[in-house]
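Below are some notes for someone opening this structure for the first time. They are best read with the model on screen.

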Amino acid sequence: MMQFTFNIPTRIEFGPGKLEELGTTEHLPEGKKAMIVIGESGVMLKMGYLSRVQGLLSKHGVASIVYDKIQPNPVSDHVAEAAAICREEAVDFVVGLGGGSTIDASKSIALMAANEGEYWDYMHGGTGKVKTPEKAALPIVAIPTTAGTGTEADPWTVITKSGSDEKIGWGNQSTFPKLSIVDPELMLSVPQNQTAFTGMDAFFHAVECYLATVHQPTSDLLALEAVHLITHYLPLAVEEGKDIEARTALAWASTAAGMCESLSSCISHHSLEHALSGFHPELPHGAGLILLSKAYFGFLAEKDNDRLEDLGLTMADSMGMEPQNEGPMCFVEMLGELIDNIGMGDMKLSDFGVKREEIPALAENAIATMGGLFEITPYEMTREDVIRIYEDAYA
């Protein structure tokens, strides 16, 4: 008997030019002081996005302070530092401006600004203490400038424990953004490699949510939509970044995949990648997912998963191709085509410093820190299976 819960409490304003509505919206969280969280690269200043957001907030009489230390793989020390500033400055809400890492960090900062202790007290893997926060996070506004994580439409935040290789996803009802503004015009300047990596992150969110044992009708529809759009438009956006049609399609695909994560879940493909980028923080998350993908989904295809065939046929239709392989291997074939089409077919794990002798430790880390995703993967995986996938990906 079909049973599921549908709950996405975030208000999403979507479309080119939508950022300007930040200055007039009636749905801004209450309060007169906000912390704007941005990345350490300085891109939000260079592109003028930070000053625009500050000006639009000022139309509501909201003053802002800026926290600008967030790394591509955000760390718990920065969460703690920014949360302490929020408390000292009596911040009313938090604005995440930038890529998925920045918005993830803003969610964690908002949580810790309202709660005592250490962030890792609330984690459910690794050395986490599995405590339940006593208070809701401060309200969150998400303004993504990349089309990748879908974090604007889900409660999840991924943080690495400072000084360790534990990289864990977490979230609760209060870490859903109250308001998300998805403006594809902010994504026109994203470089080719980052476009490819973030686009494939969204792609794998959709794929994994479609395969997860907790999938449901709405997540299925959104997942297939995202897979179709990314397969068709990602190569176009990588080739021509100023293509607003492609950027808009990818922005919607990313948001749709984020909704999938709220309604279904990623599976252990993400567990394996979190271990990789936990060990090697310089490895972009999307790149790690690409590098593991053919080995990981090849393993699932051996189990004769009919839903993989659905995904493969969707991709083949988007590419206008006739697959050479039938059944689940159709997806693995189309996945290889997509990776080649975005220029990532020659990447290797060794390019990012990953060593073959690390593989047993990577497998242990994946299971210990993100073991919950193995429980909703369509097939039970042993430690030996995980090692085999890493080995195949490395080869």
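1. Start at the segment before β1 (11–14), where F6 is placed. The model is a predicted one. Together with M2 and F4, F6 makes a nonpolar surface patch of about 360 Å².

2. The next residue to find is V66, in strand β3, which runs over residues 63–70. Is V66 buried or exposed? Neither term applies: buried means under 20% relative accessible area and exposed over 50%, and V66 has a relative accessibility of 34%, so V66 counts as partly exposed. Setting aside residues up to four places away in sequence, V66 touches I36, I38, L50 and Q54. Q54 is twelve residues from V66 along the chain, and the C-alpha atoms of the two are 9.5 Å apart.

3. Now the interior. In soluble globular proteins, nonpolar side chains tend to be buried together. Here the largest nonpolar core has 84 residues, and M200, F203, F297 and Y390 have the most contacts inside it. A second core, separate from that one, has 30 residues, including Y119, M123, C266 and M370.

4. M200 deserves a closer look. Which residues does M200 contact, leaving aside neighbours within four places in sequence? The list is L234, I290, L335, L338, I339 and I342.

5. Helix α13 covers residues 383–394, twelve residues in all. From its first C-alpha to its last, α13 reaches 17 Å, close to the 16 Å expected at 1.5 Å a residue. The buried residues of α13 are D385, V386, I387, I389, Y390 and A393. They pack against three other helices: α8 (268–279), α9 (285–301) and α12 (359–369). Y390 of this group is also one of the residues with the most contacts inside the largest nonpolar core.

6. The count of salt bridges comes to 15. One of them pairs E81 with K69, with 3.1 Å between the closest N and O atoms. This pair links distant parts of the chain: E81 belongs to helix α3 (residues 76–88) and K69 to strand β3, twelve residues apart. E81 counts as partly exposed because its relative accessibility is 33%. K69, with a relative accessible area of 35%, is partly exposed too.

7. Another salt bridge joins K107 and D154, whose closest N and O atoms are 3.2 Å apart. K107 is in helix α4 (residues 100–114), while D154 is in the loop between β5 (140–144) and β6 (157–160); the two are 47 residues apart, and the pair links distant parts of the chain. Are these two residues buried or exposed? Both K107 and D154 are buried.

8. Helix α13 also takes part in a salt bridge, through R388. The partner of R388 is E302, with the closest N and O atoms 2.5 Å apart. E302 sits in the loop between α9 and α10 (306–319), 86 residues from R388. With 49% relative accessibility, E302 counts as partly exposed. R388, at 33%, counts as partly exposed as well.

9. Which residues are joined into one network by salt bridges that share partners? They are R11, E13, K18 and E21.

How values were computed. Residues numbered from 1 in each chain as written. Predicted model: local features only at pLDDT ≥ 70, side-chain atom pairs only at ≥ 80, totals over all residues. Heavy atoms only, no water. Helix = DSSP H or I, 4+ residues; strand = E, 2+ residues; numbered from the N terminus. Expected span 1.5 Å × (residues − 1). Buried < 20%, exposed > 50% of the residue type's maximum accessible area, 1.4 Å probe, protein only. Contact = heavy atoms within 4.5 Å. Patch = residues over 30% accessible without salt bridge, like charges linked within 9 Å, V, L, I, M, F, W, Y side chains within 5 Å. Areas by Shrake-Rupley, 256 points an atom, 1.4 Å probe, with all protein chains shown as cover. Salt bridge = Lys/Arg side-chain N within 4 Å of Asp/Glu carboxyl O. Core = buried A, V, L, I, M, F, W, Y, C linked by side-chain atoms within 4.5 Å.
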